[in-house]
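The following questions and answers examine one protein chain. Please consult the sequence and the structure as you read.

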Amino acid sequence: VIAQAQSGTGKTATFAIGILQKIDISKKECQALVLAPTRELATQIQGVFNAIGERLNVKVHACVGGTAVAQDIRILQE
């Protein structure tokens with residue numbers, strides 16, 4: 001999905017809700033991947049997913065450049 005709209009219109013929440021509705025919370029595996037062009041946007045997206053998915057008990061992780069890749073791999077494997 002590619003969406004373009006003004007800032008603050010709910011684009012991230014819209015695709016987050018759609019993704020969270022499709023995942024199977026009984027499966028302990030990575031089920032969705034969201035790509036973002038910047039570290040800041042990735043962090044914002046992670047926050048939206050955490051807020052919306054809080055009651056679903058989903059785990060969200062942002063893999064960004066400049067951090068320990070081994071730690072990202074460990075978290076994704078969990």
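A residue counts as buried under 20% relative accessible area, as exposed over 50%, and as partly exposed in between. The model discussed here is predicted.

Q: Is Gln46 buried, partly exposed or exposed?
A: Gln46 belongs to helix α2. Its relative accessibility is 22%. Because the intermediate class lies between 20% and 50%, Gln46 counts as partly exposed.

Q: Which residues does Gln46 touch, leaving aside those up to four places away in sequence?
A: Gln46 and His61 are 15 residues apart in sequence, yet their C-alpha atoms are 6.7 Å apart in space. A polar atom of the Gln46 side chain also lies 3.5 Å from the backbone oxygen of Val60. With residues up to four places away left out, Gln46 touches Val60, His61 and Ala62.

Q: Which residues does Ala62 touch, not counting those up to four places away in sequence?
A: Ala62 is found in the loop between α2 and α3. Its C-alpha atom is 9.6 Å from that of Gln44, a residue 18 positions apart from Ala62 in sequence. Under the stated exclusion, the residues touched by Ala62 are Ala42, Gln46 and Asp72.

Q: How many helices does the chain have, and in what order do its elements run?
A: The secondary structure includes 0 strands and 3 helices. Read from the N terminus, the order of elements is α-α-α.

Q: What share of the contacts with a separation of 6 or more comes from residues 24 or more positions apart?
A: The C-alpha atoms of the chain fill a box of roughly 35 × 30 × 20 Å along the principal axes. Among contacts with a separation of 6 or more, those between residues 24 or more positions apart account for 48%.

Q: What percentage of the accessible surface belongs to carbon and sulfur atoms?
A: Of the 78 residues of the chain, 13% count as buried. The accessible surface comes to about 6,400 Å², and the part belonging to carbon and sulfur atoms is 55%.

Q: How many aromatic pairs does a search of the whole structure find, and which residues form the pairing?
A: The search of the whole structure finds 1 aromatic pair. The ring centres are 6.1 Å apart and the planes meet at 50°, a tilted arrangement formed by Phe15 and Phe49.

Q: How many residues apart are Phe15 and Phe49?
A: Phe15 lies in helix α1 (residues 11-22) and Phe49 in helix α2 (residues 39-52). Phe15 counts as partly exposed because its relative accessibility is 30%, whereas Phe49 counts as buried because its value is 7%. The pair links distant parts of the chain, with a separation of 34 residues.

Q: Which side chain of opposite charge is nearest to Asp72, and how far away is that side chain?
A: Asp72 is placed in helix α3 (residues 69-77). Asp72 is buried but has no salt bridge. A salt bridge requires a nitrogen-to-oxygen distance within 4 Å. The nearest oppositely charged side chain is that of Arg74, at 8.2 Å.

Q: With which side chain does the Asp72 side chain make a polar contact of 2.6 Å?
A: Asp72 touches His61, Ala62, Cys63, Val64 and Thr67, with residues up to four places away not counted. The side chains of Asp72 and Thr67 make a polar contact at 3.5 Å. The polar contact at 2.6 Å joins the Asp72 side chain to that of His61.

Q: With which residue does Arg74 form a salt bridge?
A: The whole structure yields 1 salt bridge in the search. Arg74 is partly exposed, with a relative accessible area of 41%, and Glu78 is exposed, with 52%. The closest N and O atoms are 2.8 Å apart in the salt bridge of Arg74 with Glu78.

Q: Which side chain does a polar contact of 2.6 Å join to that of Asp24?
A: Asp24 sits in the loop between α1 and α2 and is partly exposed, with a relative accessible area of 31%. Asp24 and Val58 are 34 residues apart in sequence, with their C-alpha atoms 9.6 Å apart. The side chain joined to that of Asp24 by the 2.6 Å polar contact is that of Ser26.

Q: What is the value of phi at Asn57?
A: Asn57 lies in the loop between α2 and α3. Asn57 counts as exposed because its relative accessibility is 70%. Phi is positive in this residue, which is not glycine, and is near 65°.

Note on methods. Residues numbered from 1 in each chain as written. Predicted model: local features only at pLDDT ≥ 70, side-chain atom pairs only at ≥ 80, totals over all residues. Heavy atoms only, no water. Phe/Tyr/Trp six-rings, centres within 6.5 Å; stacked < 30°, edge-to-face > 60°. Helix = DSSP H or I, 4+ residues; strand = E, 2+ residues; numbered from the N terminus. Buried < 20%, exposed > 50% of the residue type's maximum accessible area, 1.4 Å probe, protein only. Lys, Arg positive; Asp, Glu negative; His and termini not counted. Polar contact = N/O pair within 3.5 Å; in protein donor to acceptor, adjacent residues only side chain to side chain. Contact = heavy atoms within 4.5 Å. Areas by Shrake-Rupley, 256 points an atom, 1.4 Å probe, with all protein chains shown as cover.
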